[in-house]
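Subject: Handover of a structure for your review

Dear colleague,

Please find the structure below, together with its sequence. I should be grateful if you would read the notes that follow with the model open.

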Amino acid sequence: MDKRNIPVLARFRGWIQAAAALLTNIHLPNFLQGKLYQGGGKAVCVPGLNCYSCPGAAGACPIGAFQAVVGSSKFRFSYYITGILILLGVLLGRFICGFLCPFGWFQELLHKIPSPKLSTKRLKPLRYVKYAVLLPVLITNELGMGDPFFCKYLCPQGVLEGALPLAAVNSGIRSALGALFTWKAAVLLTVIVCSVLFYRPFCKWLCPLGAFYALLNRVSLFQMQVDTHKCVSCGACAKACKMDVDITKNPNHAECIRCGMCIKACPTGAICYRYGLGDKTQTTDKGETI
């Protein structure tokens, strides 16, 4: 496709990801001071996976915030956080994963490191693991309390953004690190190695936030659209998709992160972004848009 016809979102996605990561972690001086921002912004959830304990974090991670609430005996269910997640999912779906998630961008940067690259097409069943990870996040006991399972045992972003930067400048935190930190550091290291070899392995297989947005991908207002009159069934879009999606068969597949790689690969310009309810585009038999 002619670069002039590539949507701005797809063309400048890397810059958008960088800007989103910066805005999500705007309090940069805190990294040197070893302290956390604790202002009013922490009461608001950011869209992507970003640790509350990151020194630069401007807001709360939605998964971390949800687990903090269900882990408290004062609350049975967090309607505010759940409402925010549903709203974001309906408005944007997994566009958030492709454009606004700092940890998703981190994995993509790692994947650019020169090395043999491995396909995940034969590992598609692993994509359902993230739904199993999501389930404990939502479960509470008879007292309305839950265990912060994901944040405590699995989240690599907590170590990357929280434990490591804080321990680097705080000797007290360094001395307090124990077996749990060692385990989570091993999880982070595994994700890093896998990200070099595979494209976004954590997003595909383990992220509960991605699982939640995936459930709303089909009904989100931000969608992909394929003009069947322009499509020549060349398969270029399916080959270009690193999330293992054939957009011509399922434009709003749960795994689609709206990255736009299929748009760039399409030789006839048959794929585009669209926003809104219903199918507002019509085509003639000649492939002309009305």
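The notes below cover the nonpolar cores, the largest pocket and the aromatic pairs.

This is a predicted model, in which local features need pLDDT of at least 70 and side-chain atom pairs count only at pLDDT 80 or more, while totals for chains, interfaces and linings use all residues. Residues are numbered from 1 along each chain as its sequence is written, and side-chain values use heavy atoms, with hydrogens and water left out.

Nonpolar cores

The largest nonpolar core (buried Ala, Val, Leu, Ile, Met, Phe, Trp, Tyr and Cys residues joined through side-chain atoms within 4.5 Å) has 36 residues. Those that touch the most other members are L49, I81, F150, F202, L209 and Y213. Among the helices (DSSP runs of H or I, at least four residues, numbered from the N terminus) that each supply at least two residues of this core are α5 (79-92), α9 (149-154), α12 (179-197) and α14 (208-215). Apart from this core lies another, of 16 residues, including F99, F222, C256 and C266.

Beyond its neighbours within four places in sequence, F202 is in contact (heavy atoms within 4.5 Å) with L49, F103, Q107, F150, P156, V191 and C207.

Aromatic pairs

The whole structure holds 11 aromatic pairs, that is, rings of Phe, Tyr and Trp (its six-membered ring) with centres within 6.5 Å; planes under 30 degrees apart count as stacked, over 60 as edge-to-face and the rest as tilted. F103 and F202 form an edge-to-face pair, with 5.3 Å centre to centre and 85° between the planes. This pair joins helix α7 (residues 102-111) to helix α13 (residues 201-205), its two members being 99 residues apart. F103 is buried at a relative accessible area of 1%, and F202 is buried at 2%; buried means under 20%, exposed over 50% and partly exposed in between, with a 1.4 Å probe and protein chains only.

Y128 and Y131 form a tilted pair, 6.5 Å centre to centre and with 35° between the planes. Y128 is exposed at 56% relative accessibility, whereas Y131 is partly exposed at 23%. Ring pairs also link F95, F99, F222, Y273 and Y275 into a cluster.

Largest pocket

On a 1 Å grid over the protein atoms alone, a pocket is an open set of points where a 1.4 Å probe fits, with protein on both sides within 12 Å along at least five of seven lines; lining residues have an atom within 4 Å of a point. The largest pocket has about 410 Å³ of space, the volume being the space filled by probe spheres set on the points. Of its 19 lining residues, C51, C151, G158, V159 and K184 are the closest to its centre. Helix α10 gives the largest share of the lining, five residues.

With kind regards
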